[in-house]
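Biologist: Pick one part of this model and walk me through it closely, please. I'd like the local details first, then whatever the charged side chains are up to.

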Amino acid sequence: MDALGHVNNGRHVDYLQDARVDFLFRTAAELGADALETGLLVARHEVQYRAPLVFRPEPVRIELWISEIRAASFTVDYEILDAEPERRTYVEARTKLVPFDFTANRLRRITPVEKAALTKLVGA
């Protein structure tokens, strides 16, 4: 929390990362694209704060989906929100990820298997 009792802006990025890692680890394994579990780097974050999120016992919801797939990167879009009783969005965000080969210490292209897996998650 910051001095005004709001969730700190840096903590929002932590929430997004936790959701993205869980989503990609679980989904990558299910779709046979295991390299996406460990071989990704964040190239860019964009965060738009729509409303202050104050301390409360109720959890917020994080929705995320793949919005773009390129030859050597893909983008995850997110919303941090309350879905009920009415939809209220606190944060809209986007993360550009690039596949990385840690053995060779270089960026790599998305494989056909990874592209097929990611395509299933577009707008999911």
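**From the helix to the charged network**

Modeller: Right after α1, Gly-32 adopts a positive phi of about 80°. Bear in mind that this is a predicted model. The helix that comes before that glycine covers residues 9-31, and its length checks out: 23 residues at 1.5 Å each should span 33 Å, and the end C-alpha atoms are indeed 33 Å apart. At the N-terminal end, Asn-8 does the capping, with a side-chain oxygen 2.7 Å from the backbone nitrogen of Gly-10.

Now for the side of the helix that's tucked away. His-12, Leu-16, Ala-19, Arg-20, Phe-23, Leu-24, Thr-27 and Ala-28 are buried. The buried residues of α1 pack against four strands, namely β1 (40-49), β2 (61-69), β3 (74-82) and β4 (88-101).

Let's pick up one of those strands, β2, since that's where Glu-63 sits. Past its neighbours within four places in sequence, Glu-63 touches Asp-77, Tyr-78, Glu-79, Leu-81 and Arg-87. Glu-79 is 16 residues away in sequence, yet the two C-alpha atoms are 5.3 Å apart.

As for the charges, side chains of opposite charge can pair when their charged atoms come close. Glu-63 has a salt bridge to Arg-61 at 2.8 Å, N to O, and Arg-61 counts as partly exposed because its relative accessibility is 45%. Glu-63 also meets Arg-87 in a salt bridge, 3.2 Å from N to O. That second pair ties together distant parts of the chain, with Glu-63 in strand β2 and Arg-87 in the loop between β3 and β4, 24 residues apart. Arg-87 is at 47% relative accessibility, so it too counts as partly exposed.

A further bridge joins Glu-68 to Arg-70, with the closest N and O atoms 3.5 Å apart. Shared partners turn some of the bridges into one network, made up of Arg-61, Glu-63, Glu-79 and Arg-87. In total, the structure has 10 salt bridges.

One last stop, towards the other end of the chain. In the loop between β4 and β5 (106-107) you'll find Asn-105, which has a positive phi of about 60° despite not being a glycine. Asn-105 counts as exposed, because its relative accessibility is 59%. Leu-107, in strand β5, joins Leu-41 and Phe-102 in a nonpolar surface patch with about 280 Å² of accessible area together.

Note on methods:
Residues are numbered from 1 along each chain as its sequence is written. This is a predicted model: local features need pLDDT of at least 70, side-chain atom pairs count only at pLDDT 80 or more; totals for chains, interfaces and linings use all residues. Side-chain values use heavy atoms; hydrogens and water are left out. Helices (H or I, at least four residues) and strands (E, at least two) are DSSP runs, numbered from the N terminus. The expected span of a helix is 1.5 Å times one less than its number of residues. Buried means under 20% relative accessible area, exposed over 50%, partly exposed in between (1.4 Å probe, protein chains only). Contact means heavy atoms within 4.5 Å. A polar contact is a pair of N or O atoms within 3.5 Å; within protein, one must be able to donate a hydrogen and the other to accept it, and residues adjacent in sequence count only if both atoms are side-chain atoms. Patches are made of residues with over 30% relative accessible area and no salt bridge: like charges are joined within 9 Å, nonpolar side chains (Val, Leu, Ile, Met, Phe, Trp, Tyr) within 5 Å. Accessible areas come from the Shrake-Rupley method with a 1.4 Å probe; for residues, only the protein chains shown count as cover. A salt bridge is a side-chain nitrogen of Lys or Arg within 4 Å of a carboxyl oxygen of Asp or Glu.
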